[in-house]
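Please look over the structure shown here before reading the points that follow. They are grouped by topic for use at the bench.

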Amino acid sequence: MADEHAHEHSPLDHVIDHPTLEIPFFGELDLPEVFGIQVTRFMVMETIAALVMLAVFIPLARHAARQQVTRGRFLNIFESILVFIRDKMARPAIGHHHADQFLPYLWTVFFFVLICNLLGMIPGGASATGNINVTATLALMTLGAVIVAGVKEMGPVGFLKNLVPHMDVPWIMKPILWPLMFVIEVAGLFIRHVVLSVRLFANMLAGHIVLAVILGFTLTVSQAALYIKGPVIAASVGGVVLLSLLELFVAFLQAYIFTFLSALFIGAAVHSH
């Protein structure tokens, strides 16, 4: 146990990376270096998220392969979410012909983001999606899927030409406007994915900062008289409980938004403008 790393618990710990892992009721455990690379709390959380997905979806896939009708509340819940992503997000955004090719990626990114979000709400856990490096990597994977989808559908030249929308202008103006539009659309392609990463990062970070501020009120009045700190502590704890319920909703909402925007970007790459 790492006594030297022991510190007062703060909600911000969920969105700040550490070389230690918090074990409820036992303290903090130093994480090792592997091949010269320091293992961090977020790495552990991402590994846990991946293991949870393997533990859930391998049995679900085997069960679905054996039986046409899924039985059991647990498996039915996950199957319902998978069908929702396919029918309400992927196929409307990408189209029936192409959507199924990208369902494994969309299913994976949805549940990975969701589980990472939820891990920050349990004692000792942390929200890896509150780190810009994690969300930037996810957005980079979506950008890779967009480019691969576009090149596979239209070829490298066709994909680049498809970035520029049809311009209903006199032909003499096209040689001037088309290069300008191409530069703008290429920049827009990268900016969209930067915004995709920042959106998820900022939303998860902001929620935990608000929790930290509200809980900070209890520390501010810790030395005050009981008739002052009593109501403040009660109000702070009540506010944190209510905000945690909102965070639970935000965890699902942000996973939905990230996946839906990824599907929209892929759909835009495989269809002609």
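This briefing on a predicted model takes up a strand pair, a surface patch and a buried threonine in turn.

**The hairpin**
- Strand β1, which covers residues 20–23, and strand β2, which covers residues 27–30, run antiparallel and are joined by four bridges.
- Across this pairing, Thr-20 of the one strand is found opposite Asp-30 in β2.
- Three residues lie between the strands of the hairpin, and in this hairpin Phe-25 adopts a positive phi near 75 degrees.

**The nonpolar surface patch**
- Phe-84, Leu-246, Phe-249, Leu-253 and Tyr-256 make up a nonpolar patch on the surface, and together these residues have about 450 Å² of accessible area.
- Helix α6, which spans residues 226–270, supplies four residues and thereby the largest share of the patch, and Phe-249 is a residue of this helix.

**A buried threonine**
- Thr-142 is located in helix α4, which spans residues 132–162.
- Thr-142 counts as buried because its relative accessibility is 0%, where the cut-off for buried is under 20% relative accessible area.
- When neighbours within four places in sequence are left aside, the residues in contact with Thr-142 are Tyr-105, His-193, Leu-196, Phe-258, Ser-262 and Phe-265.

Notes: Residues are numbered from 1 along each chain as its sequence is written. This is a predicted model: local features need pLDDT of at least 70, side-chain atom pairs count only at pLDDT 80 or more; totals for chains, interfaces and linings use all residues. Side-chain values use heavy atoms; hydrogens and water are left out. Two strands pair if DSSP finds at least two bridges between them. Helices (H or I, at least four residues) and strands (E, at least two) are DSSP runs, numbered from the N terminus. Patches are made of residues with over 30% relative accessible area and no salt bridge: like charges are joined within 9 Å, nonpolar side chains (Val, Leu, Ile, Met, Phe, Trp, Tyr) within 5 Å. Accessible areas come from the Shrake-Rupley method with a 1.4 Å probe; for residues, only the protein chains shown count as cover. A salt bridge is a side-chain nitrogen of Lys or Arg within 4 Å of a carboxyl oxygen of Asp or Glu. Buried means under 20% relative accessible area, exposed over 50%, partly exposed in between (1.4 Å probe, protein chains only). Contact means heavy atoms within 4.5 Å.
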